[in-house]
Protein chains: 2
Amino acid sequence: MKRNVLIIGAGGVAQVVAHKCAQNNDRLGELHIASRTVSKCEAIIASVHEKNAMKQDGVFKAHEVDGMDTDAVAALIKETGCQIVINVGSPFVNMTVLQACIDTGAAYIDTAIHEDPRKICETPPWYGNYEWKRREACAEAGVTAILGAGFDPGMVNAFARFAVDEFMDEVKSIDIVDINAGDHGKYFSTNFDPEINFREFTGTVYSWQEGEWQENKMFEVGREWDLPVVGKQKAYMSGHDEVHSLAANYPHADVRFWMGFGDHYINVFTVLQNLGLLSEQPVTTAEGLEVVPLKVVKAVLPDPSSLAPNYTGKTCIGDLVKGVKDGEEVEVFVYNVADHKDAYNEVGSQGISYTAGVPPVAFAMLIADGTYDGGTMVNVEELDPKPLFGLLDDIGLPTRVKDDKGDRAWHEA
Amino acid sequence: MKRNVLIIGAGGVAQVVAHKCAQNNDRLGELHIASRTVSKCEAIIASVHEKNAMKQDGVFKAHEVDGMDTDAVAALIKETGCQIVINVGSPFVNMTVLQACIDTGAAYIDTAIHEDPRKICETPPWYGNYEWKRREACAEAGVTAILGAGFDPGMVNAFARFAVDEFMDEVKSIDIVDINAGDHGKYFSTNFDPEINFREFTGTVYSWQEGEWQENKMFEVGREWDLPVVGKQKAYMSGHDEVHSLAANYPHADVRFWMGFGDHYINVFTVLQNLGLLSEQPVTTAEGLEVVPLKVVKAVLPDPSSLAPNYTGKTCIGDLVKGVKDGEEVEVFVYNVADHKDAYNEVGSQGISYTAGVPPVAFAMLIADGTYDGGTMVNVEELDPKPLFGLLDDIGLPTRVKDDKGDRAWHEA
């Protein structure tokens, strides 16, 4: 039994995490949220109270903390008595926040790999460059750390585990497909921090095929998918966190990630990329000002959280898993469909933030009740997915299964 | 008789001006070039000597001066004994340099309207906002000032005057068409300072039609033209300096400017424009750095002067002028074709800089010999074009005429 949650970060995903924690504070205890800008934390808490989201009376406090400062985060964990940390701050702070958890014994949850702001697309496996180096330290300290516990990575890792466990003796391939068929009505916007979003696509596309890392360029390999609810959609092989842990856990399967993009997104991205405006390396203006082009692009793009009120349509994210069962080839698509407008009505955020922010709260609840509190560092596919799916059916992200026997809820599979 | 030339500015056009002045220093006297960065002036002088461009032994000196500082420019004019100033610096310094000429009695030549860096696309007529307010001061001081004395504005104003004087009793319309059919081999580049280039296209497109200013958006009105040498080319109605003086001097004619753009240029421009990256207004990055997006775009784009060595193909810039002669409708196209490679071989610059930089030297020579030294402020169409055409036939930009009688040199018309 662990109690009291510290949320690190105050962006769009943190907003969802805060609302979901509040809706379940009977199981989570006292709530705290901290970022460099305390006013953002306060705004999130205000929106929680505005929606009367607290299930029962309880603490929800805002704090100012620099996530890059391990000692400051550790001090805050101790001061607040939090036993669970949900890190949804920038991916640049993972390692410092994780260390603070190791130092204090708190459980750690994040939703994306650690990144060095000066580097783009490091060598695979990505988790091996940072997080997995702390595995032993977690085990020695008995610290539970669940890595990549959002939707993708996160739920899609659990989808893969579920498909393999339930439907096959041997897995051949795992294709994760992420389609956002929503419409935000802007000329162009990323759905989360543009800096992080573009960083995903400016480097090498790593996939795990035939037992080794394959390299492609972004938008080099595209394919049309026909998915539940959202229909036919073009998606491109992209680099993504979960490929790097699934490849380690299912080394005999091909593991690929496919992200849906419209022609307009690709055109804007291509122009910016070719001009050098997505570079994380500083340039100097004629006036002598040193500036990182990507940060200027971020400054002119819409704030992703501003998209929520007018966002309509649905997302479909799932895993097409192929394998062999009793000597026969089988395939199954495990997936979730989320709705942008429903997400906004419930927690004031758009669907992309919603799908990323709800799962870490489910993980926190399953650490709180001991189900997932193993005292070691794991990626999501190393956990039994059924408790997670059962809880998420109740709190907003139901899992479905589609194969030649039809389209149905996971528990009817 | 005026002697000794001070060139203000050290960009691509200044390079051409410097070479052409050197090639004609027997008529121009001592040469001086000044900008904020004296090393750029020195590099230009070095390139002049490298090509042995000085027609006869003589002075060519580099100076450091801030074009925004009238007193400093006036002091330099006096110190160097220059009686002619060719201002090819940034369009932000026109008014201060002009004032220095009024203060010292030197003749003034520029190639583009004055601009306030904080404003884009002021109300028409553009010359009325700044330059024409100093007309009386020029007349009182007996100062010759020739405004917009490059190619467009500049030669195209003379083309219009020539067409009207030679071929018609009454002018109905003047359509200036600027086609660059060259290829620089880069993904994207502007042909001159990106900041100035984009500023031309982000505001309202003003044209003079049916006796009043018409407003359109950039790329709203497009039309295919079939021109000598470059063939069929799409051009779009754009805002441009010469429309504003020609409309004043030929108020009964429609005056429009058309700039050629490929689909790729339009796509890149449209993406940058819609994202807000062409804004001259500062934005603030997440890190708190205040930065003007347009200056960052400029910083990532190729330096236009770097295009010259690999630039191939030709430009065609001319005026289609329609009117009535002896009761019959007539039309004539007065134009010049320039070659990027020839320009590079002669003066180390690409064709766009060449066409902009050669005419002001011709004007300087015609001021020097008294032909155009009228002691007042004029736009180019207020001068007899024939001395100009005759001189430019000799120094690199021959004028041609095409109508139903054929395609021929202007003096055969």
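How many residue pairs are in polar contact between chain B and chain A, counting pairs with both residues at pLDDT 80 or more? Hi everyone, let me start there: the count is three. Please keep in mind that what you have in front of you is a predicted model.

Let's stay with the interface for a while. Chain B brings 27 residues to the contact, and chain A brings 28. Together they bury an area of about 2200 Å². Carbon and sulfur atoms give 77% of that area. If you want to find the big contributors on the chain B side, look for Tyr187(B), Leu275(B) and Val300(B). Those three supply 27% of the area that chain B buries against chain A, more than any other three residues.

What about charge across the interface? Between chain B and chain A the count is two salt bridges. One of them pairs the side chain of Lys295(A) with that of Glu287(B), at 2.9 Å from N to O. And which parts of chain B do the touching? The elements of chain B that each give two or more residues to that side are helix α11 (263-275), strands β13 (283-284) and β14 (290-291), and helix α12 (293-300). Sorted by class, the chain B side has 17 nonpolar residues, six polar ones and four charged ones.

Now let me move inside chain A. Across all chains the structure holds 38 salt bridges, and I'd like to show you one that sits within chain A. Asp193(A) forms a salt bridge with Lys298(A), and their closest N and O atoms are 3.2 Å apart. This pair links distant parts of the chain, with the two positions 105 residues apart in numbering. Asp193(A) is in the loop between β7 (170-180) and α9 (194-199) of chain A, while Lys298(A) belongs to helix α12 (residues 293-300) of chain A.

On to the sheets, beginning with chain A. Here seven strands form an open sheet with parallel pairing, and the order is β3-β2-β1-β4-β5-β6-β17. Why is one side of β3 (60-64) and of β17 (377-379) in chain A left without a neighbour in the sheet? These two strands stand at the edges and each has a single partner strand, so one side of each stays unpaired. From one strand to the next, the twist averages 20 degrees.

If you zoom in on the middle of that order, strand β1 (residues 5-8) of chain A is joined to strand β4 (residues 84-87) of chain A by four bridges, and the two run parallel. There, Val5(A) has Ile84(A) in β4(A) as its bridge partner. Helix α3 (residues 38-50) of chain A lies across β2 (31-35) and β3 of chain A, running at about 165 degrees to β3(A).

Finally, chain B. Its open sheet of seven strands reads β3-β2-β1-β4-β5-β6-β17, with parallel pairing. The edge strands are β3 (60-64) and β17 (377-379) of chain B, each pairing on one side only. Five bridges join strand β2 (residues 31-35) of chain B to β3(B), and these strands run parallel. Along that pair, Ile33(B) stands opposite Ala62(B) in β3(B).

Two helices of chain B are worth a look as well. Helix α1 (residues 12-23) lies across β1 (5-8), β2, β3 and β4 (84-87) of chain B, at about 165 degrees to β1(B). Helix α3 (residues 38-50) of chain B lies across β2 and β3 of chain B, running at about 165 degrees to β3(B). Thanks for listening!

Definitions and conventions. Residues are numbered from 1 along each chain as its sequence is written. Chains are lettered from A and ligands numbered from 1 in the order in which they are written. This is a predicted model: local features need pLDDT of at least 70, side-chain atom pairs count only at pLDDT 80 or more; totals for chains, interfaces and linings use all residues. Side-chain values use heavy atoms; hydrogens and water are left out. Contact means heavy atoms within 4.5 Å. Buried area is the accessible area (1.4 Å probe) that two parts lose on being put together, summed over both. A salt bridge is a side-chain nitrogen of Lys or Arg within 4 Å of a carboxyl oxygen of Asp or Glu. A polar contact is a pair of N or O atoms within 3.5 Å; within protein, one must be able to donate a hydrogen and the other to accept it, and residues adjacent in sequence count only if both atoms are side-chain atoms. Ala, Val, Leu, Ile, Met, Phe, Trp, Tyr, Cys and Pro count as nonpolar, Asp, Glu, Lys and Arg as charged, and the others, Gly among them, as polar. Two strands pair if DSSP finds at least two bridges between them. Axes are lines fitted to C-alpha atoms, for helices over the stretch in contact, and angles run from 0 to 180 degrees between N-to-C directions.
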